[in-house]
Amino acid sequence: RAADGRVLATQAGKGAAGAMLGASAEVKTKAAAPGDQSVDLDPFGIDSSGIGTASARVIGRVEATFSTAGSAAVQAHLRRDILVASGALGAVALALVALIASSVVRRVRALADASARVAGGDLGARVDATGSDELASLARDFNAMTTALAAQHAKLDEQASALAERESLAAIGRATAVIAHELRNPLGILLGAAEVVGTGDRPAVQRAQAAGIIGEEV
């Protein structure tokens, strides 16, 4: 299109339905040395006089109009691809979340079961502590706790056994002292009575009484 608005040339492409977008750009002459008349635009209906000057001037515009139908189709296809990819990624993410959640629940349940066993007296309960996450650290702490409890329990059992043995020995000693006391008194009486009976110069009455005492004590 010339500067005065006249259409100089057109080239139409394949028509398409849909909205249209337009773009245009000015066409300027190339600056040339004074007196240079090498530019000839007469065939295009443009006056060439004064063009070959040191300053350029606008002689027209190039205008282009484009249909957005193709672009809309590409955008629709792109949106569809994005939706499909998003759905696939969402499904994969959900599957990963479900897998991770299942693993976490399984490990937490194992810890709970082991804790119940410890509460029931099984100090040998252990859980899998492989990994480097928080649950693995908790499992290692749990295993260390049960190991310490088992060692302490064994120590307490040993101390209890030693204490029971000492108590048994003390009870035997007390029983022995009681038995010795219960035997010493009648044996002393028997000894005294036997001396009376064995003494010939004692009166017969005393000797008879001593003999009766011996019989009673025996």
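Two residues are taken to be in contact when heavy atoms lie within 4.5 Å. On this basis, in the predicted model examined here, 56% of the contacts between residues at least 6 apart in sequence join residues at least 24 apart. The secondary structure of the chain consists of three helices and two strands, and these elements follow the pattern β-β-α-α-α when read along the sequence.

With respect to solvent exposure, the chain has 218 residues, of which buried residues make up 12%. Its accessible surface comes to about 15,800 Å², and carbon and sulfur atoms account for 63% of that area. On the surface, a nonpolar patch is formed by Val92, Leu96, Leu99, Ile100, Val104 and Val108, which together contribute about 530 Å² of accessible area. One of these patch residues, valine 92, is placed in helix α1, which comprises residues 69-119. Valine 92 has a relative accessibility of 47% and is therefore classed as partly exposed, since that category lies between the limits of 20% for buried and 50% for exposed residues.

Helix α2 comprises residues 134-198, and because a rise of 1.5 Å a residue is expected, its 65 residues should span 96 Å; the C-alpha atoms at its ends are 94 Å apart, in agreement with that expectation. Several residues of α2 are buried, including Leu135, Ala136, Ala139, Phe142, Asn143 and Thr146, and the buried residues of this helix also include Leu190, Ala193 and Val196.

Definitions and conventions: Residues are numbered from 1 along each chain as its sequence is written. This is a predicted model: local features need pLDDT of at least 70, side-chain atom pairs count only at pLDDT 80 or more; totals for chains, interfaces and linings use all residues. Side-chain values use heavy atoms; hydrogens and water are left out. Helices (H or I, at least four residues) and strands (E, at least two) are DSSP runs, numbered from the N terminus. Buried means under 20% relative accessible area, exposed over 50%, partly exposed in between (1.4 Å probe, protein chains only). Accessible areas come from the Shrake-Rupley method with a 1.4 Å probe; for residues, only the protein chains shown count as cover. Patches are made of residues with over 30% relative accessible area and no salt bridge: like charges are joined within 9 Å, nonpolar side chains (Val, Leu, Ile, Met, Phe, Trp, Tyr) within 5 Å. A salt bridge is a side-chain nitrogen of Lys or Arg within 4 Å of a carboxyl oxygen of Asp or Glu. The expected span of a helix is 1.5 Å times one less than its number of residues.
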